[in-house]
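Good morning, colleagues, and thank you for the time. I would ask you to keep the sequence and the structure in view while I speak.

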Amino acid sequence: MTEPLRIALAGLGTVGAGVVRLLEANGALIARRAGRPIEIVAISARDRSKDRGVDLLRFDWIDDTTSLASHAGADVVVELVGGSDGPALTLARATLKAGKGFVTANKAMIAHHGLELARAAEQANVALKFEAAVAGGIPVIKGLREGMAANEIARVYGILNGTCNFILSKMEAEGRDFADVLAEAQALGFAESDPSFDIDGIDAAHKLSILASIAFGTQPAFAGVVASGIRHVIAADIAEAAALGYRIRLLGIAENGPHGLFQRVHPHLVPVSHPLAYVTGATNAVVAEGNFVGRLLFQGAGAGDGPTASAVVADLIDIARGEYGPAFAMPAEALAEQQSADTGERRARAYVRFMVEDRVGVLAEIAAAMRDAGVSIESLIQRGTGNEDGNVLVAIVTHEAPERSVAQALERLRGSQSLVGQPMWMHIL
């Protein structure tokens, strides 16, 4: 075998320690597959004294993370610090400028600065790889970039956030409300103490913008992702969806067409006949539709030390073999700058849930607003005779209609004395 591929590792959290353990446990097998050993030579983290359950004394400890870029013994830097800017971005820029390969699991940094970093990597003729940034251990980036390279991809979509999927599938299985299940997810470590990034759809939006760029050959466009999350989904929505033959999932959907690049993260009603309806727990799943290969489903563990470390080391194996190309599947200068699509004319069926006062005329008011906006109602459901507050749930499913029309109907109802709180609008896949 040739000389080992030598790694400088920044970040020793869950994933960083997982990378150390994986290279230690499977080192011989990895060397055979890569054609050379892969060895860590230097590490950096915030707390030198913390017990991470792995032996770190054999590695050079570097206090200044950015100095890993100039470490004389390292060929590649692995960044597992996180954050779209700050030390992670400084390290990425310094590493590529130094002519070394760079591997990261940092979806926020790639979503915001991926084009800049891809250009720098190409100029230096080194690898920029980020399989672990999207869907943990699922090789979806490799699948799009390599396995589907001969296809024109019409659409890529899926469940991109394990925290939200855990919450929704738990609500579905046990009939519990959002706040209760979120607290459990935090206790189990599936959700952060501040879960906003996950439950408001930002994490999924970062991942979707990366997938869209690779799938369609467009510049990463995180700013063009329309994102909303699941914090306003209630147990009654889950029950209504089930009664209608659907399950609620937070989906990221991207399409590229003549009217621009469409990217959206939003809770959807997914038909029970669709494979995504059966993805439960903290699992991720991505569907890609190619014009020759058809529909492919990538599914597996979307986070955690083992799956994410697996994706990081898979990137390192590619680099050890000398197998790497443009970060986004084509040279950075070939990536198209695509305008964002206007979603208003997209036609789809919709689920809209209202909490209303239990009084005469409420249903007529909702129906009139839909009629005046040109939205036809397929079904209308009212549950119960009112609770102690005198409020009841009204849910409607619309026929296919332009999204702009549904938005206009809801605008007509804004400020209505009959409505309690904001309506919940979900698209039907």
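Let me begin with a question: is A74 buried or exposed? The model before you is a predicted one, and in it A74 has a relative accessible area of 4%. The cut-off for a buried residue is under 20%, so A74 counts as buried.

Where does this residue sit? A74 belongs to the loop between β3, residues 60–61, and β4, residues 76–79. If we set aside its neighbours within four places in sequence, A74 is in contact with R6, I7, A8, V41 and K100. For a sense of distance, consider S213, which is 139 residues from A74 along the chain; the C-alpha atoms of these two residues are separated by 30 Å.

Let me now step back to the chain as a whole. The protein chain contains 13 helices and 18 strands. Along the principal axes, its C-alpha atoms fill a box of roughly 80 × 45 × 35 Å. A compact globule of 429 residues would have a radius of gyration near 22 Å, and the 24 Å of this chain agrees with that. Of the 429 residues, 53% are buried. Among contacts with a separation of 6 or more, 73% are between residues 24 or more positions apart.

I turn next to the sheet that includes β4. In general, the strands of a sheet pair through backbone hydrogen bonds, either parallel or antiparallel. Here six strands form an open sheet, and the pairing is parallel. The order is β3-β2-β1-β4-β5-β6. The strands at the edges are β3 and β6; each has a single partner strand, so one side of each is left without a neighbour in the sheet.

Let us look at β4 and its partners. Strand β1, residues 5–10, pairs with β4 in the parallel sense over four bridges, and I7 stands opposite V76 in β4. Strand β5, residues 101–104, also pairs with β4 in the parallel sense, over four bridges. In that pairing V77 stands opposite F102, and E79 stands opposite T104. Which way do the residues of β4 point? V76 and V78 point one way, V77 and E79 the other way, and all are buried.

From strands we move to helices, with two examples. As a general point, an α-helix has 3.6 residues a turn, so residues three or four places apart point the same way.

The first example is α7, residues 178–188, where the buried residues are F178, V181, L182 and A185. Seen down the helix axis, the buried residues of α7 fall within an arc of 105 degrees, so they line one face of the helix. The face turned away from this buried side carries the exposed residues A179 and A187. What do the buried residues of α7 pack against? Their partners are α6, residues 162–174, and α8, residues 196–199. Just after α7, G189 takes a positive phi of about 85 degrees.

The second example is α13, residues 403–413. Its buried residues are E403, S405, V406, A409, L410 and L413. These cover an arc of only 165 degrees around the axis, which puts them on the same side of α13. They pack against β10 (260–271), β14 (350–357), α12 (362–372), β17 (401–402) and β18 (424–428). Just after this helix, G415 takes a positive phi of about 85 degrees.

My final topic is the aromatic rings. How many aromatic pairs are there? The count comes to two. One of them is formed by F130 and F328; the pair is tilted, with 5.2 Å centre to centre and 45 degrees between the planes. This pair links distant parts of the chain, 198 residues apart. F130 lies in the loop between β6 (128–129) and α5 (140–147), while F328 lies in the loop between α11 (305–321) and β13 (347–348). F130 is buried, at a relative accessible area of 0%, and F328 counts as buried as well, at 1%.

Arginine side chains also lie over rings in this model. R155 lies over the face of Y157, at 4.4 Å from the ring centre. R247 lies over the face of Y278, at 4.6 Å from the ring centre.

With that I close, and I welcome your questions.

How values were computed:
Residues numbered from 1 in each chain as written. Predicted model: local features only at pLDDT ≥ 70, side-chain atom pairs only at ≥ 80, totals over all residues. Heavy atoms only, no water. Buried < 20%, exposed > 50% of the residue type's maximum accessible area, 1.4 Å probe, protein only. Helix = DSSP H or I, 4+ residues; strand = E, 2+ residues; numbered from the N terminus. Arc of directions from axis to C-beta. Contact = heavy atoms within 4.5 Å. Phe/Tyr/Trp six-rings, centres within 6.5 Å; stacked < 30°, edge-to-face > 60°. Lys NZ or Arg CZ within 6 Å of the ring centre and 35° of its normal. Pairing = 2+ DSSP bridges. Rg over C-alpha atoms; globule rule 2.2 N^0.38 Å.
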